[in-house]
Amino acid sequence: MTVSTKPARFQLADLPASLVVFLVAVPLALGIANASGAPIASGLIGCIVGGIVAGLIAGAPLQVTGPAAGLTVLVYGMVQKFGWTTMCAISVAAGVFQLCFGALRIARACLMISPAVVHGMLAGIGLTIALAQSQVLLGGKPRPAALLNLQALPAEIGELFTHPTTPEVHATILGLVTIAILIGWGYLPAKVRLIPAALVSVLTATILGNLFFTEAPRVAIKDGPLFALQIPQLPVDIGGFLVAALTIAIVASVESLLCAVATDKLHNGPRANLDRELIGQGAANTLSGLLGGLPVTGVIVRSAANIAAGAKTNVSAILHGVWIILFVLVATPQLNRIPLAALAGLLIHVGVRLINLHHIKELHRHKEVIVYAVTALGVAFVNLLAGVGLGIGLAMILLLIRVKEPRRLFDLKIAQDEPTTVAISGILNFFAVPKLTAALAKIPTGAKAKITLSADFMDHAAYEALHSWQQTHQRTGGTVEINEKEQSWYGDAQSGSPRVTRN
C-alpha cells in the first residue's frame, strides 16, 4: 500500500482560501517582476499560469505556484545579458527540462543537497534583493551587482539628507511606511492578521502616495492585452542559453520540491507526489514563458497562507489564478497607481526574511554554519552558481573530514509487517536522503512504524529528513518508534545536542 496523492474534490473552504492567496500573490508578483528587471505584467502572468496549470496537475495539492523571490537574482542577470524575449525562451526551455526531470522520476535526487547550501543560497539571494531594492526605496535604480549596491548605499543615504529631491523623499517615506506595516503586522491580534500584511502595506502606501506623496515613481503596465504570445528568440550563444535554462530548471525544481516537503508538514491531507509536481512545474514554466510571464516555482509564503486559510484541495490554487485574471481585466489602471517604493519595501522585507535566524541556529548546532556563510556570501557577491558550488565543495570537505576512517556504507531494508519495520545502517548523509525519503514514503499513512538505527554517522540533512517524516507520519495518525542500536545520533540531535563526529 502506498500513500495516496490524488487531490480531493473541491470543498467550500477552498473558496475563501483562494481569495486570501490572491490578495497575498498580487503585490508579491508585482514586486518580484520589478526586481527581476522584467515587465511588471510578467509577474501577474506567472501567477495566473502557475496557479492554474500547476494547480491542475497538483503533485502537491495545497502548494501554490508563482513567481518566487528565490529566482529574482538569476532572472535579473539573464534579462540584462539576453534581453526579455530570450528570457521568455529560457523559461520555456527550463520548463521542458523540468518535464524531463519529472518523466525520469528523479525528483527525490534533487533533494540530495546539504540544507546548509540550500539555506545559504536563499540567504544570499535575500541579501542581494534587499541591497538592490534599497536603491529603489531611496528613489534611485539598482546597480547590476550586490557589491556595487552595498558600496553605493552610504552615499545614497547621505545624498538624501544633504541634497534631497521631492521624488526621492516621497519614495523613501512610502517605502519605510510599507516596511513598518509589514514588521508591525506580526504583533497585532490573530484576527487582524488574517488580512494579508502584504496587501495592507502596499494598499496603505498607494493611498498615501496618491494623496500626499504624488511625485514618487509608479508602476507602469502598458495598455493592451495582458497575454502577448512570445516567439522564442534564441541568442547566438546557444551554449550560454542552454546553461541558463538548465540553471533555472534546477534551482526552480529544488525550490519547488523543498516547498512541497515543507508544505506537507503544515497539513494532514494527501502527501505530495514529487515527480508529478515537477511535471506540473515544468508545464507551468513552459506556458508562462510562451505567454510572456516570469518563471515560477512552488512558493512557501503563499502555500502557508493557503493552508492557514483553510484550503482543502488544489482548487484553491487554481481559483487564485482565476481571480487574478478577473482583477487584471477590471483594475489595471489602479495597478498603475502603486508606488515602486512600496513594492521595494515589500521585497526588502521578503529578502531579509530569507536570512532565517532559526536556520542559522540549527546549522550552528550541527557545526555547518560555515557552509551556510560561504554559500550566502558567494551567491551575494560573486554569483549564484559560484556560491552554490563553493558551498557544495565545502560541505563535501567537511563530510570527508568527519567520516575519514573506514565505515559501513548506507544501507536500508524495509519490511511491510505489522508494525512496518525499517532497518537503517551505515553513513547517513545528504547523499542518502533521496533513498531514505523514498523508502519512508512507502510506509502507509496511519501505520505503525518501527525504525531501527545502526548509524556510523548522521549529518543534519539525514536527521532533518528522518525527523520531518516522523512528525508528518504521526500527524496523519501513524505511530513511530525509533530505536538506536549503537551510538545515539538521532536522539542527541533531537534533544538539541547533535553529534558531528564519532567519539
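This section describes the nonpolar cores, internal cavities, aromatic pairs and selected residues of a predicted model.

The largest nonpolar core comprises 86 residues, of which Ile90, Ile424 and Met458 touch the most other members. Helix α10 (residues 238–264) supplies the largest share of this core, with 10 residues. Contacts of isoleucine 90, apart from those with neighbours within four places in sequence, are made with Met78, Phe82, Phe241, Ala244, Ala245 and Ile248. Another core lies apart from the largest one and contains 37 residues, including Leu28, Leu30, Ile40 and Val202.

The cavity search yielded 4 cavities of 30 Å³ or more. The largest cavity holds about 90 Å³ of space. Its lining is formed by Ser114, Glu368, Val371, Ala395, Leu398, Leu399, Arg402, Phe430, Phe457 and Asp459. By residue class, the lining of the largest cavity consists of 6 nonpolar, 1 polar and 3 charged residues. Helix α17 (residues 384–402) contributes the most to this lining, with 4 residues.

Phenylalanine 430, one of the residues lining the largest cavity, also takes part in an aromatic pair. In total, 5 aromatic pairs were counted. In the pair of phenylalanine 430 and phenylalanine 431, the ring centres are 4.7 Å apart and the planes stand at 40°, so the pair is classed as tilted. The two partners are assigned to separate exposure classes: phenylalanine 430 is buried, because its relative accessible area is 7% and the limit for burial is 20%, whereas phenylalanine 431, with a relative accessible area of 39%, is partly exposed. A second pair is formed by tyrosine 463 and tyrosine 490, whose ring centres lie 5.4 Å apart with planes at 50°, so that this pair is likewise tilted. Tyrosine 463 belongs to helix α19 (residues 460–475) and tyrosine 490 to helix α20 (residues 489–494), so the pair ties together parts that are 27 residues apart in sequence. Both tyrosine 463 and tyrosine 490 are buried.

Two residues of helix α5 (residues 115–137) were examined, beginning with glutamine 135. Glutamine 135 is buried, with a relative accessible area of 1%. Beyond residues up to four places away in sequence, glutamine 135 touches Gly140, Lys141, Pro142, Arg143, Asn149, Ala152, Leu153 and Glu156. Threonine 128 also lies in helix α5 and counts as buried at 12% relative accessibility. With neighbours up to four places away set aside, threonine 128 touches Val73, Ala146, Val379 and Ala380. For one of these partners, alanine 146, the C-alpha distance to threonine 128 is 5.3 Å, across a separation of 18 residues in sequence.

Leucine 340 is placed in helix α14 (residues 340–353). A relative accessible area of 18% makes leucine 340 buried, because the class extends to values under 20%. Its contacts, leaving aside neighbours within four places in sequence, are with Asn34, Val136, Pro217, Arg218 and Val219. Leucine 340 and alanine 304 are 36 residues apart along the chain, and their C-alpha atoms are separated by 26 Å. Lysine 435, in helix α18 (residues 433–440), is partly exposed at 45% relative accessibility. Lysine 435 and methionine 112 are 323 residues apart in sequence, while their C-alpha atoms are 9.5 Å apart in space.

Backbone geometry was also considered. Most residues other than glycine have a negative phi. Alanine 58, although not a glycine, has a positive phi of about 45°. Alanine 58 is found in the loop between α2 (40–57) and β1 (64–66), and is buried with a relative accessible area of 2%. Lysine 367, also not a glycine, has a positive phi of about 60°. The position of lysine 367 is in the loop between α15 (357–365) and α16 (369–381).

How values were computed. Residues are numbered from 1 along each chain as its sequence is written. This is a predicted model: local features need pLDDT of at least 70, side-chain atom pairs count only at pLDDT 80 or more; totals for chains, interfaces and linings use all residues. Side-chain values use heavy atoms; hydrogens and water are left out. Buried means under 20% relative accessible area, exposed over 50%, partly exposed in between (1.4 Å probe, protein chains only). Rings of Phe, Tyr and Trp (its six-membered ring) pair if their centres lie within 6.5 Å; planes under 30 degrees apart count as stacked, over 60 as edge-to-face and the rest as tilted. A nonpolar core is a set of buried Ala, Val, Leu, Ile, Met, Phe, Trp, Tyr and Cys residues joined through side-chain atoms within 4.5 Å. Contact means heavy atoms within 4.5 Å. On a 1 Å grid over the protein atoms alone, a cavity is a set of points where a 1.4 Å probe fits but cannot get out, and a pocket is an open set with protein on both sides within 12 Å along at least five of seven lines; lining residues have an atom within 4 Å of a point. Grid points are joined across faces, edges and corners, and a volume is the space filled by probe spheres set on the points. Ala, Val, Leu, Ile, Met, Phe, Trp, Tyr, Cys and Pro count as nonpolar, Asp, Glu, Lys and Arg as charged, and the others, Gly among them, as polar.
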